Amino acid sequence: MRLRGGTPRPPLPGPPLPDRAPEPSDSVDLPSELKYGGPLDDDVSDPELPFEPYRTKVVERIPNPSREDRERAIERAWYNLFNLRSDEIRIDLLTDSGTGAMSDHQWAAMMVGDETYAGSRNFARFESTVRSITGFPYVLPAHQGRAAEHLLFSALCRPGDIVPNNMHFDTTQAHVLHQGAKAINLAIPEAYDTQSDYPFKGNVDIGSLEHLLDRTDRGRVPLVMVTVTNNTGGGQPVSLANFREVARVARAHSIPLYLDMCRWAENAYFVREREPGMSGRSIAEIGRGFFDLADGATMSAKKDGLVNIGGFVATRDAALADRMKETLILYEGFPTYGGLARRDLEAVAVGLGEAMDLEYLAHRVGQVRYLASLLDRAGVPFLHPPGGHGIYLDVRRFLPHLPPEDLPGQALAVEIYLEGGVRTVEIGAIMFPQSELAPSGSIELVRLAIPRRSYSASHLAYVADVIARVYARRSTIRGFEMSYRPERLPHFTAHFRRKGTVASVPPPAVR
Ligand SMILES: Cc1ncc(COP(=O)(O)O)c(C=O)c1O
């Protein structure tokens, strides 16, 4: 293997070469400009240092706050990294949602925005793209994923209902709870073992799903949902074989099956790489394998739609679509724009196609693996195997001296920020305080989500260095407590203080 600069190192595991030049449109009739995915050669698939399949056209200066700046900033922010300002952050790995860079084609698409209130041609293009990828006939735009969740869950769920999922993400769970229903997570046991290298840790535990549906009134389970990839559990994929089994069980109980398809292309990339018989399939074909088994999906296009804002809910159920449309008009806007500018819909249509580009996906997953390899060399514990959109630090192994009541995930995220201005997010007891999420407190993670097409390998090397430095002084890290706890989605707006201290910043006037 050729390395670009530096001393030669032993090869690391990485994405295998595809066995043929893929044609994403093999089984799906996509507009010609959405056909991506040329052959990958040795040069672009170097797993040591993933080749960026794009070059820079516009740049954005990265801030460089000093240690004193960071200390002041985090105190002002009540030790909640959501309260930081962007100019206080050097590398922002808070989320991969809506934080990526759009392509030249997407920006060009924005210029053909037809801002007609009703019947915009941008909606027609958006609708036909979503239909051609998913096969779902009814497509309702929404301003982002949680708006799509609102439409779906408010139409289907009643108080006392139960919604099973492999693992709900934060807003998904919150919307289920908001309807008075219960969110149940049924991921396989390997999902809770951070050191297991099982290739499909996003899979649903079929036995548990069958057991749940067998002992629950049919009328109390309005839908089964599966999240691809499983964000809460580390960006881990779901296999097509497992999803087929979920569909079989859901059908046997006459319960509709929906996908949370935010990261469907990343999931399909893993299926192509890991599932027997899939290596010759295109991303579009594999995606269709999932969509054909489902009754519909919600999507935050801020992930695999490669846009900064946008989403949709799609379904095969005409009556449900009509019900959701009424709510859509009430909360989002007319059904041909759904809370978005029409130019945004055009950018989503282009982005959905670009997300199927194999070279893009190889780089995306390659970046996560590259960061994983650097952290591994420093002995830093993280959830294995690396997922599709980020690294999840294993907080229990990182800070074994801090008990759960010391909020170790928050403590770690704060220390990483203080060390090098890197913003991450806790995924553990704070984000999921009162749920059926997991055997209580069984996963405690800090996520380093990599925005799409934004950061380079040297940025990731910087991140690895910062985290290695925090790891080296881990025994000095102290615990936190919450000084203000909002009722819903607490991680976004909670306040924290170091245990045993009184904050010097006065409380906010308005909460
Ligand atoms: C799996 C999953 N579902 C739903 C959402 C909600 O999407 P949005 O942030 O666009 O509302 C997210 C966002 O991170 C997500 O990761």
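The following exercises, each with a worked solution, concern a predicted model of a protein chain with a ligand.

Residues are numbered from 1 along each chain as its sequence is written. Because the model is predicted, local features need pLDDT of at least 70 and side-chain atom pairs count only at pLDDT 80 or more, while totals for chains, interfaces and linings use all residues.

**Exercise 1. State how many helices and strands the protein chain has, and what percentage of its residues is buried.**

Helices (H or I, at least four residues) and strands (E, at least two) are DSSP runs, numbered from the N terminus. On this basis the protein chain has 16 helices and 14 strands. A residue is buried if 20 or more other C-beta atoms lie within 10 Å of its own, exposed if 12 or fewer, and partly exposed in between, with C-beta atoms placed from the backbone. By that criterion, 53% of the 511 residues are buried.

**Exercise 2. Describe the shell around the ligand by class and by the helices that supply it.**

Step one lists the residues that are near, meaning that the C-beta atom, placed from the backbone, lies within 6 Å of the molecule. There are 14 residues around the ligand, of which Gln144, Gly145, Arg146, Phe169 and Ser300 come nearest.

Step two sorts the shell: two residues are nonpolar, nine polar and three charged. Here Ala, Val, Leu, Ile, Met, Phe, Trp, Tyr, Cys and Pro count as nonpolar, Asp, Glu, Lys and Arg as charged, and the others, Gly among them, as polar.

Step three turns to the helices: H4 (145-156) and H5 (170-178) each supply at least two residues of this shell.

**Exercise 3. Determine whether helix H4 is enclosed or open, and test its length.**

The expected span of a helix is 1.5 Å times one less than its number of residues. The 12 residues of H4 should therefore span 16 Å, and the end C-alpha atoms are 17 Å apart, which agrees. Since 10 of the 12 residues are buried, H4 is largely enclosed by the rest of the structure. Among the buried residues are Gly145, Arg146, His150 and Phe153. The buried residues of H4 pack against strands S2 (138-142), S6 (257-260), S7 (296-300) and S8 (311-315), and against helices H5 and H10 (318-331).

**Exercise 4. Identify the pairing of strand S7 with S6 and with S8, and state which residues lie on each face of S7.**

Two strands pair if DSSP finds at least two bridges between them. S6 and S7 are parallel, over three bridges, whereas S7 and S8 are antiparallel, over five bridges. Gly296 of S7 is the bridge partner of Tyr258, and Thr315 in S8 is the bridge partner of Gly296. One face of S7 holds Gly296, Thr298 and Ser300, the other Ala297 and Met299, and all are buried. With five of its five residues buried, S7 is therefore largely enclosed by the rest of the structure.

**Exercise 5. Give the strand order of the open sheet that contains S12, and name its edge strands.**

The open sheet of three strands has the order S9-S12-S11, with antiparallel pairing. The edge strands, S9 (390-394) and S11 (425-427), each pair on one side only. Five bridges join S9 to S12 (residues 445-449), and Leu448 in S12 is the bridge partner of Ile391.

**Exercise 6. Locate Ser196 and decide whether this residue is buried, exposed or partly exposed.**

Ser196 is in the loop between strand S4 (182-185) and helix H6 (206-214). With 15 other C-beta atoms within 10 Å, Ser196 is partly exposed. The C-alpha atoms of Ser196 and Leu383 are separated by 8.3 Å, although these residues are 187 apart along the chain.

Conventions: Two residues are in contact if their C-beta atoms, placed from the backbone, lie within 7 Å.
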